[in-house]
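Below is a short briefing on the structure shown here. It is meant to be read with the coordinates open.

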Number of protein chains: 2
Amino acid sequence: MTGSAPSADLDETTLTDATIASFGDTPDPRLRNCLSILVKHLHAAIREMEPTLDEWERAVEFLTATGHTCDDTRQEFVLLSDVLGVSSLVENINHRKSSGATEATVLGPFHMTESPRRELGASIDEVGKAEPCLVTGRVLSADGTPLARASVDVWQADEDGFYDVQRPDVLPPGNGRGLFTTDDEGRFRFSTVVPSHYPIPTDGPVGQLLLATNRHPYRPAHIHFIATADGHSPVTTHIFVADSPYLESDAVFAVKSSLIREFQRIDDAEESARHGLAGPFAHAEIDLVLEPARGRESA
Amino acid sequence: MTGSAPSADLDETTLTDATIASFGDTPDPRLRNCLSILVKHLHAAIREMEPTLDEWERAVEFLTATGHTCDDTRQEFVLLSDVLGVSSLVENINHRKSSGATEATVLGPFHMTESPRRELGASIDEVGKAEPCLVTGRVLSADGTPLARASVDVWQADEDGFYDVQRPDVLPPGNGRGLFTTDDEGRFRFSTVVPSHYPIPTDGPVGQLLLATNRHPYRPAHIHFIATADGHSPVTTHIFVADSPYLESDAVFAVKSSLIREFQRIDDAEESARHGLAGPFAHAEIDLVLEPARGRESA
């Protein structure tokens, strides 16, 4: 059986219902519902914009160029979703009732490669040119119970603002990335460098959009985390560096005050030695608090 | 100057206004307005869908695959716009006040290559395996004045339902395509074959969407036209073959009754000889009536 047949002579007032009806025999009710919602709002947008044929052609060209910019290490559609506030909106919707849990924020376009598995305490900085930074914390359940054997996936830009995949000629693959497992007390720790604020990639269609709209491309300095633990909803989040520029105008609308952390400088030889670090270092701490799994969020 | 800074801690209720505000310094007021409309409706769709993170990731993957399917002769985003009823909606909006003029319909995804310039009366069928078809007509202004030296761009699928670019191994480039100039009386004529109904390309993401939604991929048999003339709004349209299947359920919502034409079979040796055709042929006729140019439509 095929979807209800659209008739001929559809016009502005009948096209939307006819298109929605054409999806009426979709076996998956969730897909059917999402397509109905998409068609309704997309048509409403078109009706309000009244694009010329030339404008619509340019929109198609923009989407095509965005697709062509995507490859194994670049996700321009995620970037587009980010700068349009959609990624942040989806995150907010999915973490609506998470009081007590760590606030979520966007995944971003740089989680394209697998983080290398590393031992607790290892460094994710494989270059070693900047002052070290120690990051420590715990994965906890909402009631404060430490979650042993939780997984903590970490990725970040380096002190110059680049992810490994952006400078494959200079940065070893996996630089700034690590996959850790918490210890018996739910603790994790790794050394790294304090990341820099950076511009999102501006050499593609999304960069052209920001240029055409007088928007700056910068994100405040941050480290990405995904924490997962059995029986809990995972959280995708960042910690932001407290004194970073652009905390008030993040290009992707992702800053949450609760995720801003002081990266405290520690100039104490004994402390450095205790962590196997040579000389002064910065220290940041975050506890990643997960909600027990409920329905769809745990999928 | 950059757009108004979004603050931190944006939530479901504040994100949309913050995103719209971020585009507030866009120099081009049309772009600024379109982005505001886009963000408003896109966010409304997301709010109503409440996609899980996994669902949003799948949407991004779908858009990426759609972009990757586009190349020099394939336009999967146009196809997506077509099956979502958007192309037809944009056409309708742009030809709202065209009473008297030929009704417009969608461009479709196969107008990717330039049509070869041909003499009036020439054949656009370079294969010659099917019974010929003669297409005649005039380009007229809305008041009935013939438009000499008007341009008529024609493209169509062959008797098996394929455009040249779909079967580059079998069909010569330019097969089924022609760019004609009307004579002193605004007339055009060419020979061809009666096109077949055909499925839109189903081997890409749009085909997967139709499959997942139990929609058939067929379009009724048609010939595409773009007529342009000095001082007039161009028209992009089709003629549909009167007895074709799928006239009532076109996969791209493009059928207009006023564009359906009898392809009359003429079995008359004298008539065939008069048109330089060997044996019986089909004959279809359409006058392409253009409105005098007004404002944005002539751009």
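What follows covers the chain, its strands, the core, one loop residue and the contact between the copies.

This is a predicted model. Chain A carries 7 helices and 12 strands. Chain B can be laid on chain A with an RMSD of 0.0 Å, by a turn of 180° and a shift of 0.0 Å along the axis. The two copies are thus related as by a two-fold rotation axis.

**Chain A overall**

- The C-alpha atoms of chain A fill a box of roughly 80 × 40 × 30 Å, taken along the principal axes.
- Chain A has 299 residues, and buried residues make up 48% of them.
- Among contacts in chain A with a separation of 6 or more, 67% come from residues 24 or more positions apart.

**Strand E1 of chain A and its partners**

- Strand E1(A) spans residues 132-141 and is mostly covered, with 8 of its 10 residues buried.
- E1(A) runs antiparallel to strand E4(A), residues 187-193, and 7 bridges join the two.
- Within that pairing, Val135(A) stands opposite Phe190(A).
- E1(A) runs parallel to strand E11(A), residues 281-285, through 4 bridges.
- There, Cys133(A) has Ala282(A) as its bridge partner.
- E1(A) also pairs in the parallel sense with strand E12(A), residues 288-290, over 3 bridges.
- Ser141(A) has Leu290(A) of E12(A) as its bridge partner.

**The five-strand open sheet**

- In chain A, 5 strands form an open sheet in the order E3-E2-E7-E8-E9, with mixed pairing.
- Strands E3 (177-181) and E9 (260-261) of chain A stand at the edges with a single partner strand each, so one side of each is left without a neighbour in the sheet.
- Strand E2(A), residues 151-156, pairs with E3(A) in the antiparallel sense over 5 bridges.
- Val152(A) has Phe180(A) of E3(A) as its bridge partner.
- In chain B, an open sheet of 5 strands has the order E3-E2-E7-E8-E9, again with mixed pairing.
- Its edges are strands E3 (177-181) and E9 (260-261) of chain B; each has a single partner strand, so one side of each lacks a neighbour in the sheet.
- Strands E7(B), residues 222-228, and E8(B), residues 235-241, run antiparallel and are joined by 6 bridges.
- Ile226(B) stands opposite Thr236(B) in E8(B).

**The nonpolar core**

- Which residues have the most contacts inside the largest nonpolar core? They are Val139(A) and Val139(B), in a core of 158 residues.
- Domain 1 (15-68) and domain 2 (76-298) of chain B both give residues to this core, so the core lies between them.
- Leaving aside residues up to four places away in sequence, Val139(A) touches ten-odd positions that include Leu147(A), Val152(A), Phe188(A), Ala227(A), Leu288(A) and Leu290(A).
- In soluble globular proteins, nonpolar side chains tend to be buried together.

**Leu147 of chain B**

- Leu147(B) is found in the loop between strands E1 (132-141) and E2 (151-156) of chain B.
- Is Leu147(B) buried or exposed? Leu147(B) is buried, because 22 other C-beta atoms lie within 10 Å, and 20 are enough for that label.
- Leu147(B) touches Val139(B), and its other contacts include Thr182(B), Gly186(B), His232(B) and Leu290(B), not counting residues up to four places away in sequence.
- Leu147(B) and Asp230(B) are 83 residues apart in sequence, yet 8.7 Å apart in space, C-alpha to C-alpha.

**Where the two chains meet**

- 74 residues of chain B are in contact with 74 residues of chain A.
- On the side of chain B that touches chain A, the elements giving two or more residues are helices H1 (15-22), H2 (29-49), H3 (53-69), H4 (76-83) and H5 (86-94) of chain B.
- H2(B) gives the largest share of that side, 14 residues.
- The residues on that side of chain B divide into 38 nonpolar, 24 polar and 12 charged.
- Gly67(B) comes closest to the rotation axis of the residues of chain B, at 2.0 Å (C-alpha).
- The same surface serves both copies: 100% of the contact residues of chain B recur in chain A.

How values were computed. Residues are numbered from 1 along each chain as its sequence is written. Chains are lettered from A and ligands numbered from 1 in the order in which they are written. This is a predicted model: local features need pLDDT of at least 70, side-chain atom pairs count only at pLDDT 80 or more; totals for chains, interfaces and linings use all residues. A residue is buried if 20 or more other C-beta atoms lie within 10 Å of its own, exposed if 12 or fewer, and partly exposed in between; C-beta atoms are placed from the backbone. Two strands pair if DSSP finds at least two bridges between them. Copies are superposed by least squares on the C-alpha atoms of residues with pLDDT of at least 70 in both. Two residues are in contact if their C-beta atoms, placed from the backbone, lie within 7 Å. A nonpolar core is a set of buried Ala, Val, Leu, Ile, Met, Phe, Trp, Tyr and Cys residues joined through C-beta atoms within 7 Å. Domain bounds come from an automatic or database domain assignment. Ala, Val, Leu, Ile, Met, Phe, Trp, Tyr, Cys and Pro count as nonpolar, Asp, Glu, Lys and Arg as charged, and the others, Gly among them, as polar.
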